Amino acid sequence: MHPPTHGFAASYDEIRDIRAFSPERIPALLASRRRRPFVPSDGRLMIVAADHPARGSLSAGGRADAMESRPELLGRLVTALSRPGVDGVLGTADILEDLLLLGALEDKVVLSSMNRGGIQGSTFELDDRQTGYAVRDTVDAGFDAIKTLTRIDPDDPGSVRTLELCARVVTEANRAGLVCMVEPFLSRRIDGQVSNDLSPEAVIRSIHIGQGLGGSSAYTWLKLPVVDEMERVMAATTLPTLLLGGDPTAEPEETYASWKAALELPSVRGLIVGRTLLFPEDDDVAAAVDTAVSLVRPQEVQTP
């Protein structure tokens, strides 16, 4: 098979050929990509998250190997991004550039993932070094925001390195006029496994730590979990916030109800959800995404 000389890839085989024979197509497509404002006129955002695999986290919906197949994951992402009301995607370079080659990033907002060094299950999991995009990479790619995972374990002296790194990236992003989305957690090891403390008190404390990072907060946003007492939690910040979905164990109706209530709170601007929508219980990605969009934009009539 010969690599295409123009346009987007029509198959995964074409993606493979472009990567092998014509890698210059990637920067060319980045330069010509159709862009749009980060925040739409209604002030709401529906973002699909897909940066989990780069941290070795491949499980979703009770399947340990859910995200091991790249073509399957890309297919689900393309379906999600094609649904009305979906604004964009968060990912690492490998995934974002595959989506770029498929034409799925046109007229979408794109968030780059910065620190994927905290490999799930490793002894160094809380050492979240910068192994993904930097601010300069994000600006050069023409993307709209950079996301930092900021996990803090009071018992791990290494957490201060993560804080220092995230503070530097927040400062650099603000200087560049680039949105920096901080995802803070208070974390600890339980039987050797890293666990995020999702109590309201812990999330509130993490918000105050996360939003104080860097030399400016003009372009800083937060990415926060939906937990108990969300009204109290959201009173901790004035920063624009997107709610993350995680990999919930509750019934879908219960999960959606909790999202709906939280989306009505001040500062909450939308959802940034991955596994819950890409690997729903009934495997209907389009329906799951449409439901999420209806929560973010309840006044908008969805059409296929």
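**Close-up views of helix α11**

**View 1. Ser294 in its helix.** Ser294 is a residue of helix α11. The model shown is predicted. Ser294 has a relative accessibility of 31%, so this residue counts as partly exposed; the partly exposed class runs between 20% and 50%. The C-alpha atom of Ser294 lies 8.4 Å from that of Gly85. Along the chain, Ser294 and Gly85 are 209 residues apart.

**View 2. Helix α11 from end to end.** Helix α11 covers residues 285-296, 12 residues in total. From first C-alpha to last, α11 reaches 17 Å. That is close to the expected 16 Å.

**View 3. The buried residues of α11.** Helix α11 is mostly covered, with 9 of its 12 residues buried. Val285, Ala286, Ala288, Val289 and Asp290 are among them. So are Ala292, Val293, Leu295 and Val296. The buried residues of α11 pack against two strands, β1 (45-50) and β9 (268-273). They also pack against the helices α3 (70-82), α9 (252-263) and α10 (275-278).

**View 4. The packing of α9 on α11.** The axes of α9 and α11 are 9 Å apart, at an angle of about 25°. Because that angle is under 35 degrees, α9 counts as roughly parallel to α11. The two helices, α9 and α11, make a right-handed crossing. From α9, the contact uses Tyr256, Trp259, Lys260 and Leu263. From α11, the contact uses Ala288, Thr291, Ala292, Leu295 and Val296. By class, the contact of α9 with α11 holds 7 nonpolar residues, 1 polar and 1 charged.

How values were computed:
Residues are numbered from 1 along each chain as its sequence is written. This is a predicted model: local features need pLDDT of at least 70, side-chain atom pairs count only at pLDDT 80 or more; totals for chains, interfaces and linings use all residues. Side-chain values use heavy atoms; hydrogens and water are left out. Helices (H or I, at least four residues) and strands (E, at least two) are DSSP runs, numbered from the N terminus. The expected span of a helix is 1.5 Å times one less than its number of residues. Buried means under 20% relative accessible area, exposed over 50%, partly exposed in between (1.4 Å probe, protein chains only). Contact means heavy atoms within 4.5 Å. Axes are lines fitted to C-alpha atoms, for helices over the stretch in contact, and angles run from 0 to 180 degrees between N-to-C directions. Angles under 35 degrees count as roughly parallel, over 145 as roughly antiparallel, 65 to 115 as roughly perpendicular and the rest as oblique. A crossing is left-handed if the near helix is turned anticlockwise from the far one by less than a right angle, and right-handed if clockwise. Ala, Val, Leu, Ile, Met, Phe, Trp, Tyr, Cys and Pro count as nonpolar, Asp, Glu, Lys and Arg as charged, and the others, Gly among them, as polar.
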